[in-house]
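Me: I would like a close look at a single part of this structure. Please pick one sheet and tell me what lies around it.

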Amino acid sequence: MRGQSPRNLYGRRRKATPLGQVGTGLRSSLITSRENEKLKLVRKLHDRSWRDKLGLFVAEGEDLVTAAFGAGIEPVDLLVAGENVEPALLAEVSALGHPPRVIGVFRREDLPRGPVPEVGLALWHVGDPGNVGTLIRSADALGPAFVALSEGSADPTGPKALRASMGALFRVPLVGFEDLPGRRIALVAHGGSPPSELDLTGATTFVLGAEREGLPEDLLSTCEERMTIRLAPGSESLNVAIAGAIALYEFTRRETQTVSSPPL
């Protein structure tokens, strides 16, 4: 849990350590074998089935690990090249083109779940991890906002989604798709009202679907409004990540105007 020192992979309590001090005094336990259990675990966590089974995921690179620390989320374990693991071995288990200096193992249950902001994005079968990560990043930058993912969506803790989120995953609350708060507004490519004609006040969930399939009728029927972002002639649709960012920006812009407008 947040605020508590997590247990390492062997069940012992490990004192939280600032990233800049990681590795101090750890050279005596330098990992020198690729058969080490911690390295095996990192390899496993590149596979979603293992992330689902163990409830763990990997963050590669100082930026992501620092973002976790900044959000008060501590790693289960931390591997640092040249400090507690040989650099070549850390490079072998990395999913990045350029091997990172640090890899952290984190618990999914430690990710933020609340409090739930009044606005958010509900993603229906958005399977591209880059889009999922970018939408989480937008929820952080244009929020505060939550993100909900249906079954069939990309894993937000997968390496591509996590990198696309730029660490926002450690700050943005994730909620269940079946527990969407407030009024639902479906983003559709055609036939919806322009944002200017909709009342974007109060608790609101923008519902987005995969770019090819869109939203099924049974889900559309649960939405109170449908919104269409006007496009230039000849354009058919927006990237789902861009559409979600525009919706959040419009909501935040209206809210800011309402707060800053002087009373009559």
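Reply: Here is one sheet, followed by a cavity beside it. The model is predicted, so local features need pLDDT of at least 70 and side-chain atom pairs count only at pLDDT 80 or more, while totals for chains, interfaces and linings use all residues. Residues are numbered from 1 along each chain as its sequence is written, and side-chain values use heavy atoms, with hydrogens and water left out.

Start with the sheet itself. Three strands form it, in the order 1-3-2. The sheet is open, and its pairing is antiparallel. (Strands are DSSP runs of E, at least two residues; helices are runs of H or I, at least four; both are numbered from the N terminus. Strands pair if DSSP finds at least two bridges between them.) Strand 1 and strand 2, residues 77-80, are the edges: each pairs on one side only. From one strand to the next, the twist averages 20°. (Angles run from 0 to 180 degrees between N-to-C directions, with axes fitted to C-alpha atoms, for helices over the stretch in contact.)

Now look at strand 1 and its partner. Strand 3 covers residues 102-107. Five bridges tie strand 1 to strand 3, and the two run antiparallel. Find Leu56, for example: its bridge partner in strand 3 is Arg107. Strands of a sheet pair through backbone hydrogen bonds.

Next come the helices. Helix 1, residues 37-44, packs on the sheet. Helix 1 touches strand 1, strand 2 and strand 3 (contact means heavy atoms within 4.5 Å). Its direction makes about 100° with that of strand 2. Helix 3, residues 62-70, also packs on the sheet. Helix 3 touches strand 1, strand 2 and strand 3, and its direction makes about 40° with that of strand 3.

Finally, follow strand 1 to a cavity. The structure holds two cavities of 30 Å³ or more. (On a 1 Å grid, a cavity is where a 1.4 Å probe fits but cannot get out; lining residues have an atom within 4 Å of a point. Its volume is the space filled by probe spheres set on the points.) The second largest has a volume of about 40 Å³. Its lining is Val58, Ala59, Glu60, Leu64, Leu96, Pro159, Leu162 and Arg163. Two elements give two or more residues each: strand 1 (56-60) and helix 6 (159-165). By class, the lining of this second largest cavity has six nonpolar residues, no polar ones and two charged ones. (Ala, Val, Leu, Ile, Met, Phe, Trp, Tyr, Cys and Pro count as nonpolar; Asp, Glu, Lys and Arg as charged; the others, Gly among them, as polar.)

Note on methods: 1 Å grid on protein atoms, 1.4 Å probe; cavity = no way out; pocket = protein on both sides within 12 Å on 5 of 7 lines; lining within 4 Å.
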